[in-house]
Amino acid sequence: MTINKVIIIGNLGQDPEIRKTQDGREIANFSLATSEKWFDKSTGEKKEKTEWHKISVFSQGLVDIIKQYVKKGSKLYIEGALQTRKWKDGNGIEKYSTEIVLQNYNSTLQILSGVEKEINKHSIEKGNGYAPKAEDFNDEIPF
């Protein structure tokens with residue numbers, strides 16, 4: 001058995017790019033930054049290292065959410081799979097690119113910044129949300 005799963009939490013450096021494939025499906029691409037902070041023991045100076053992760057989203061439901069709610073600075077929780085692509089540049093030199101891919105049912109995108117409140121508000125305003133009322137509960141036991 002093998003597992004190819006990546007989990008990261010990070011911030012968007014710029015708005016997502018939405019492209020269309022030749023058959024008309026939309027794909028979202030963006031870079032997510034993760035940071036590591038520490039104090040240098042010898043100098044006492046605060047240090048920080050930022051790593052940028054390329055993300056490609058093929059799941060149409062997630063692309064729709066990204067188009068509406070994900071913007072530069074959004075904090076996201078991502079679960080996906082690593083995928084490396086190989087191509088030749090204009091000079092015929094082979095190049096490689098590794099990215100985190102979200103597709104099908106093996107991926108997750110969760111918005112962690114303040115935008116999720118707008119999503120819930122939008123859902124309720126559109127009639128898609130449901131908040132139970134006291135009269136919705138039945139005290140009778142069904143068996």
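**Stop 1: the largest pocket**

Start with the largest pocket of this predicted model, which has a volume of about 250 Å³. To find its centre, select Asn29, Phe30, Lys54, Ile55 and Ser56, the residues of the 14-residue lining that lie nearest to it. Now colour strands β2 (17-20), β3 (26-39) and β4 (46-57), since these are the elements that give two or more residues to the lining. Which of them supplies the largest share? That is β3, with 4 residues. If you colour the lining by class, you will see 4 nonpolar, 4 polar and 6 charged residues.

**Stop 2: along β4 to Lys47**

Stay with strand β4 and select Lys47, which is found there. Is this side chain buried, exposed or partly exposed? Lys47 is partly exposed, with a relative accessible area of 30%. Show Lys37 as well: the two lysines are 10 residues apart in sequence, and their C-alpha atoms are 5.7 Å apart in space. Leaving out residues up to four places away in sequence, Lys47 touches Glu36, Lys37, Trp38 and Asp40.

**Stop 3: helix α1 and Ile66**

Next, select residues 60-69, which form helix α1, and show the side chains of its buried residues: Leu62, Val63, Ile66 and Tyr69. Why do these four sit on the same side of α1? They cover an arc of only 155 degrees around the axis, and that places them on the same side of the helix. The spacing is a familiar one: an α-helix has 3.6 residues a turn, so residues three or four places apart point the same way.

Zoom in on Ile66, which lies in this helix. Ile66 is buried, with a relative accessible area of 1%, so it falls under the 20% cut-off for burial. Who surrounds it? Not counting residues up to four places away in sequence, Ile66 touches Pro16, Ile18, Ala28, Phe30, Val57 and Leu109. Phe30 should look familiar from the first stop, as one of the residues nearest the centre of the largest pocket. For a distance label, join Ile66 to Leu109: they are 43 residues apart in sequence, with 9.0 Å from C-alpha to C-alpha.

**Stop 4: the second largest pocket**

Move on to the second largest pocket, with a volume of about 150 Å³. Select its lining: Ile3, Asn4, Lys5, Gly80, Ala81, Gln83, Val101, Leu102, Gln103, Asn104, Asn106 and Ser107. Strands β5 (75-88) and β6 (94-102) each supply at least two of these residues, and β5 gives the most, with 3. By class, the lining divides into 4 nonpolar, 7 polar and 1 charged.

Two of the lining residues deserve a visit of their own. Begin with Gln83, found in strand β5. At 33% relative accessibility, Gln83 counts as partly exposed. What does Gln83 contact beyond its neighbours within four places in sequence? Its partners are Ser97, Thr98, Glu99, Val101 and Gln103. Of these, Glu99 is 16 residues away from Gln83 in sequence and 5.5 Å away in space, C-alpha to C-alpha.

Then select Asn104, in the loop between β6 and β7. Asn104 is exposed, with a relative accessible area of 60%. Check its backbone too: phi is near 55 degrees, a positive value in a residue other than glycine. As a reminder, most residues other than glycine have a negative phi.

**Stop 5: the loop before α2**

Follow the chain to Ser113, in the loop between β7 (108-111) and α2 (115-125). Is Ser113 buried or exposed? At 19% relative accessibility, Ser113 counts as buried, because the cut-off is under 20%. Display Ser74 and Lys75 next to it: Ser113 touches both, with residues up to four places away in sequence left out.

**Stop 6: the whole chain**

Finally, zoom out and colour by secondary structure. There are 2 helices and 7 strands, and along the sequence they follow the pattern β-β-β-β-α-β-β-β-α. How much of the chain counts as buried? The figure is 27% of its 143 residues. Turn on the surface to see about 10,900 Å² exposed, 49% of it supplied by carbon and sulfur atoms. Among contacts between residues at least 6 apart in sequence, 57% join residues at least 24 apart; the contact of Ile66 with Leu109, 43 residues apart in sequence, is one example to look at.

Definitions and conventions:
Residues numbered from 1 in each chain as written. Predicted model: local features only at pLDDT ≥ 70, side-chain atom pairs only at ≥ 80, totals over all residues. Heavy atoms only, no water. 1 Å grid on protein atoms, 1.4 Å probe; cavity = no way out; pocket = protein on both sides within 12 Å on 5 of 7 lines; lining within 4 Å. Points joined across faces, edges and corners; volume = space filled by probe spheres on them. Nonpolar A, V, L, I, M, F, W, Y, C, P; charged D, E, K, R; others polar. Buried < 20%, exposed > 50% of the residue type's maximum accessible area, 1.4 Å probe, protein only. Arc of directions from axis to C-beta. Contact = heavy atoms within 4.5 Å. Areas by Shrake-Rupley, 256 points an atom, 1.4 Å probe, with all protein chains shown as cover.
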